[in-house]
Amino acid sequence: MLNPSFCDQIKELVGSSNVYTDSVSLLSYSYDATPNYQSMPQIIVEPGNTEEVSGIVKLCSEYEIPIVPRGSGTNLCAGTIPVDGGLVMLFNRMAGILEMDEENLTATVQPGVITQTLIEEAERKSLFYPPDPGSMKISTIGGNINECSGGLRGMKYGVTKDYVLGLTAVLPNGDIVKTGGKLTKDVAGYDLTKLLIGSEGTLAIVTEAILKLVPKPESKKTMLALFENIENAAQTVSDIIAARIIPATLEFLDQGTLQAVEDFAQIGLPTNVEAVLLIEQDGSPDAVVSDIRKIEALCRENGAFSVEVASTDQEAAQLMTARRAALTALSRLKPTTILEDATVPRSKVAEMVRFVNETARKFNLQICTFGHAGDGNLHPTCLTDARDMEELERVEQAFEEIFAKAVDLGGTITGEHGVGMMKAPYLSWKIGEEGVNIMKSIKAAFDPKNILNPGKMFGKSTRKRVVIRS
Amino acid sequence: MTTPTTLQKQFKERMDYDELMNCTRCGFCQPTCPTFIETDRKESSSPRGRIALMKAVVDGVIEPDEGFERELSLCLGCRACETACPSGVKYGQLLEDARAIVAEHKKVPFFKRIFSNLLLHTLIPNRRLLRVAVLLLWVYQRSGLQAGLRKLKVLKWISPSLFEMEGSLPAAPSPFSRLKNSSAESSVSFFRGCIMDALFVETNQNTIDLIAAGNEEIGIPVGQTCCGALHAHAGDQKKAIELAKQNICAFETGDHEVIATNAGGCGAFLAEYPHLLKDEPEWAKRAVQFSRKIKDVSSLLNEHDQIDGFEASPQLVTYQDSCHLKHGMNVFSKPRQLLKSVKGVEFVELDNAGMCCGSAGIYNLIEQEMSMQILDHKMEDVKRTNAAVIVTSNPGCLLQMRLGIQRAGLEDKLKAVHIVDFLHEAQTK
Ligand SMILES: Cc1cc2nc3c(=O)[nH]c(=O)nc-3n(C[C@H](O)[C@H](O)[C@H](O)COP(=O)(O)OP(=O)(O)OC[C@H]3O[C@@H](n4cnc5c(N)ncnc54)[C@H](O)[C@@H]3O)c2cc1C
Ligand code: SF4
Ligand code: SF4
């Protein structure tokens, strides 16, 4: 039970119509897009501005009540599950684009703004906000910043952290800090902006962000290359990069994924091939044409039996939208879909894909793989049934081996989905005990009472590393 | 009083758990959901939220309390979420099942029960009674009673929104108008519907004429009745099943290959009889055969190459999708193609045309506030098109658009028309 006087003070602060404690509301924020995680919060609060956020945090600090900041709950690491109950903070009332500065090429936004809304608003001014996670129609900028989300355009344009110039944030004691600004250059002290990006709501609550925009590319072309085997597709990825071409998008989908996506999108994707690459290049028209021609040649050299360039913008958009639906579409096949986020250096994509397939066979599991091949960020996705405990155990084992392999290849346990609760046991595999220790001290310095998104990032237990024989 | 636990037990026993599990909670459905948008992104008023709530009730995590029922009731049942869902979750069926369970356990207040029994059980499925009601409406409108009462604004005292709605009712057809059947030995049979049959006799006749003009024999099987959609959406599954069986029997006579519909809501529901009758083995096969034949009039006309035969005076025309036609029957390009084919018509796409207008069966009566909020936003989109005509494919949408026009004060600039009537008038011969 929450302290009644705490509730009264919260209501007084933000107005009682912005506070919910009924069971329907509580349940609605007990889950996010991560399968198999659920826990009930005790109170939901929608603040309207930075000062209100600060006031809420002060109260929570006083009463030692956990706070889970939540965007749209599309994260895939159980990052917004209120494991210890407490308060879930929503930003639906803080969803404005405050400024589009066309002279400095920046946008100042509140955390609740939907990623796609910002992208569209920028494009209306012939500007461009590149980070475009598959979830961009739903996810919020606050969530993107705290997961440091990457998108389909990550290969050429980078990820969210490359576009955050400054933040306004509320610390766990209620203090308001401003970091960075509309500056390209700034070395005054530690880079707090970068520290807060990807901090998964464990260090501070972001209440405003200054984002970098770039000019909108003049033109773009999208193409689909079909391969009879996975290795050839993966080799093509390496060859494209070796040829010093950086496409805006270079996505990989295997047969299982293709089938599921086509089932949903019905746009005539081929379902009888082992792998496809979805490639997009943008820039000046001449450069785009020349790059696309070179990429096409490389695809053919690697045995692609069909390379087709989308003839209209609409067709291109359809392809990209279909790709974004891949994860959810896969869940048509089995009741539970467990998606992972193993990432390797781009030259190792082929080896990693092969390993995933071998592991699936070894453990008798159905694992489909798709992902941002261009940046080595793969999503091996296991189709299973949460009710089948025996199989789930094998899934766990398989993914342990997959993570271990990724790390061995110089990769990481998560490329963009974050650590949250899901990857917490594996964190030390990537950064070592020393890394975990320094991160823990940073957390303690920001949040000595551990009230901000507790239970995330640092797991209660750590997995022992499995030995991989290659 | 039924205790929540028995209700909970019913949920556990009767909800399709696999379908609930199918939802990955990705949220792709959310941006398409009108109630999610209108509540400023309230998770519990979204498809993902509602599915999570149903699952939580089944899992015993929450009780099916008033708040839960509230969210079920607030859903339009427009099924835009289904079209958007990459995982293929059959949300409409989940909703219908959940509503049926809740409705069966609910002690409905006496007057409401009498009213809904009267409306859903007595009036709507009974062609003759419905005619009497329309006759009364006709008398009311023609006798000057309506004009008088409107002047006195009597209804406005009782309920301002009822007053508004009553004003947007179409002129009742003359009690002497009857559907002219074209042929008994036909390849196409016509589903006449209940409301369509009573209030929109002309539209039904126009449908028959248009189809017949495409050299297709068309007949109207006797014994058919209301499709049952209104009943099912209100949670009255039993009555819906009864009506479904009656319709299946009626359309089993003769050997037509197509059953033509001109109301999106009816068409989509008829096509879903197999789900409705899933627990009745002896009906399952017949339901499948029946549902396979359902075809919307726009699709039918498109097939018949009638597309060159239309001409109208130059005008800007836009189209509001019928949710169930689009999301239930997957028909959305056909009506547009037809409209674009009319010489003289300049077609302008309506922003968010696929988003529900808030009519949704009897939703605009039960959830008036939300319905009007959605409608007013819809009219803002319509205004931006500058169109002179807004075309729809379902009687509910048509009435709702007329109400919207009235609320936005656009009566002299904009009219709402059923696609069949629009095409009928544009027909050259
Ligand atoms: C189908 C699908 C496709 C996806 N594709 C991609 C992809 O291509 N690339 C990618 O990187 N990710 C992807 N994701 C993951 C997810 O969408 C991203 O992590 C996204 O950024 C989360 O945004 P959100 O608004 O839903 O945040 P939430 O999930 O609500 O929150 C994410 C984290 O941010 C914290 N947080 C949120 N707002 C604030 C704030 N204002 N202050 C402090 N902390 C805050 C939360 O506590 C949590 O730890 C995908 C997810 C799905 C379901
Ligand atoms: S789109 Fe489908 S799978 Fe995703 S949350 Fe909505 S219903 Fe669930
Ligand atoms: S049926 Fe319509 S209103 Fe109901 S949840 Fe789906 S999209 Fe929302």
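Begin by selecting residues 366-372 of chain A, strand β17 (strands are DSSP runs of E, at least two residues, numbered from the N terminus). Six of the seven residues of β17(A) are buried (under 20% relative accessible area, with a 1.4 Å probe and protein chains only), so the strand is largely enclosed by the rest of the structure.

This is a predicted model, in which local features need pLDDT of at least 70, side-chain atom pairs count only at pLDDT 80 or more, and totals for chains, interfaces and linings use all residues. Residues are numbered from 1 along each chain as its sequence is written, chains are lettered from A and ligands numbered from 1 in the order in which they are written, and side-chain values use heavy atoms, without hydrogens and water.

Next, add residues 377-384 of chain A, strand β18, which runs antiparallel to β17(A) and is joined to it by seven bridges; strands count as paired if DSSP finds at least two bridges between them. Here I367(A) faces C382(A) of β18(A). Between the two strands of this hairpin lie four residues, and G376(A) has a positive phi near 75°.

Now select strand β13(A), residues 249-254, which pairs with β17(A) in the antiparallel sense over two bridges. L253(A) has F370(A) as its bridge partner.

Move to chain B, where four strands form an open, parallel sheet in the order β6-β5-β7-β8. Strands β6 (343-347) and β8 (415-418) of chain B stand at the edges with a single partner strand each, so one side of each has no neighbour in the sheet. Select T392(B) to find its bridge partner, H418(B), in β8(B).

Note on methods
Buried < 20%, exposed > 50% of the residue type's maximum accessible area, 1.4 Å probe, protein only.
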